[in-house]
Amino acid sequence: MITAQAAIDDLYRIAVTEEKVTSTARLEVLADFCVQELTRRGLKNVEKEAVIPGAGRDKRWDVGWRYDGKYRLGVSLKSLLKNLGGTVPNRIDDMIGEVTNAQLHSPEVVIGYIMIFNIAEDSISQKHGSTWCGLFRERVTSLSGRRPPAWTTGAVEDFVLVEVDFNSGSSILKTSQTFDAFFDTLIEQVRVRNPNAITH
């Protein structure tokens, strides 16, 4: 049984202890955790590294689920660990872009985001009058809660923002909501849009 904390422990090991901040394996255990939780809730054959079609180009998502020949769910995993003044605006732009790309191809696709934010590197943005973490949380919240029939392009169904302080260890300090609530929301939206897909 994989826990969220075990996934963050592994990210800390790779990014901090081994100093491999850009390693492609740094979020692999977190992806395994997502597969476990979605499978536990009734989805079969959840994939890691799923290539989900988009309007502009196909893109590799950390976790995906396909039903009846089409991807119906994508989960993206992000870590914001250093250089937050540059990373936060870029991550917001990237999120809108990759989500829009998938939704223009398949408007009914359910999308979730898990983002690990290292508050040890946080500071005040004078331009925005808030911390970078506060700004990021506010922007992502405004881009969350997508539901039919208002198929808002560029928004996601749900997200979890996980705050850590990697200067003090790997413990999860705070989450924007529980992981259970996050995965339950994704499953609920998958079920609404694909009523025959989930067996229990």
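Is the crossing of α1 and α2 left-handed or right-handed? To find out in this predicted model, select helix α1, residues 4–17, together with helix α2, residues 28–40, and look along the place where the two meet. The crossing of α1 and α2 is left-handed, and their axes, which come within 7 Å, cross at roughly 165°. Since angles over 145 degrees count as roughly antiparallel, α1 is therefore roughly antiparallel to α2. Now show the side chains that make this contact, which are A4, A6, A7 and D10 on α1 and V29, L30 and F33 on α2; by class they divide into 6 nonpolar residues, no polar ones and 1 charged.

Keep α2 in view and add helix α5, residues 179–193. Here the helices pack at an angle of about 60°, with their axes 10 Å apart, so that α2 and α5 are oblique to each other, and α2 passes α5 in a right-handed crossing. From α2 the contact draws on F33, C34, E37, L38 and R40, while α5 contributes F179, D180, F183 and I187. The residues of this contact of α2 with α5 comprise 6 nonpolar, no polar and 3 charged. F33 deserves a second look, as it takes part in the contact with α1 and also in the contact with α5.

Next, select L38, L43, L73 and I114, which have the most contacts inside the largest nonpolar core, a set of 35 residues. Colouring by element helps here, as the elements that give two or more residues to this core are the helices α1, α2 and α5 and the strands β2 (59–67), β3 (70–80), β4 (110–118) and β7 (158–164). Centre the view on L43 and display its partners: leaving aside neighbours within four places in sequence, L43 is in contact with L38, W65, L73, I187, V190 and I198. Of these partners, I187 also belongs to the contact of α5 with α2.

Apart from the largest core lies another, of 25 residues, and selecting W61, F117, C133 and L135 will show some of its members.

Finish at I92, which lies in helix α3, residues 84–105. I92 is buried, with a relative accessible area of 10%, and, not counting residues up to four places away in sequence, I92 touches F136, R139 and L143. A distance drawn from the C-alpha atom of I92 to that of Q126, 34 residues apart along the chain, should read 18 Å.

Key:
Residues are numbered from 1 along each chain as its sequence is written. This is a predicted model: local features need pLDDT of at least 70, side-chain atom pairs count only at pLDDT 80 or more; totals for chains, interfaces and linings use all residues. Side-chain values use heavy atoms; hydrogens and water are left out. Axes are lines fitted to C-alpha atoms, for helices over the stretch in contact, and angles run from 0 to 180 degrees between N-to-C directions. Helices (H or I, at least four residues) and strands (E, at least two) are DSSP runs, numbered from the N terminus. Angles under 35 degrees count as roughly parallel, over 145 as roughly antiparallel, 65 to 115 as roughly perpendicular and the rest as oblique. A crossing is left-handed if the near helix is turned anticlockwise from the far one by less than a right angle, and right-handed if clockwise. Contact means heavy atoms within 4.5 Å. Ala, Val, Leu, Ile, Met, Phe, Trp, Tyr, Cys and Pro count as nonpolar, Asp, Glu, Lys and Arg as charged, and the others, Gly among them, as polar. A nonpolar core is a set of buried Ala, Val, Leu, Ile, Met, Phe, Trp, Tyr and Cys residues joined through side-chain atoms within 4.5 Å. Buried means under 20% relative accessible area, exposed over 50%, partly exposed in between (1.4 Å probe, protein chains only).
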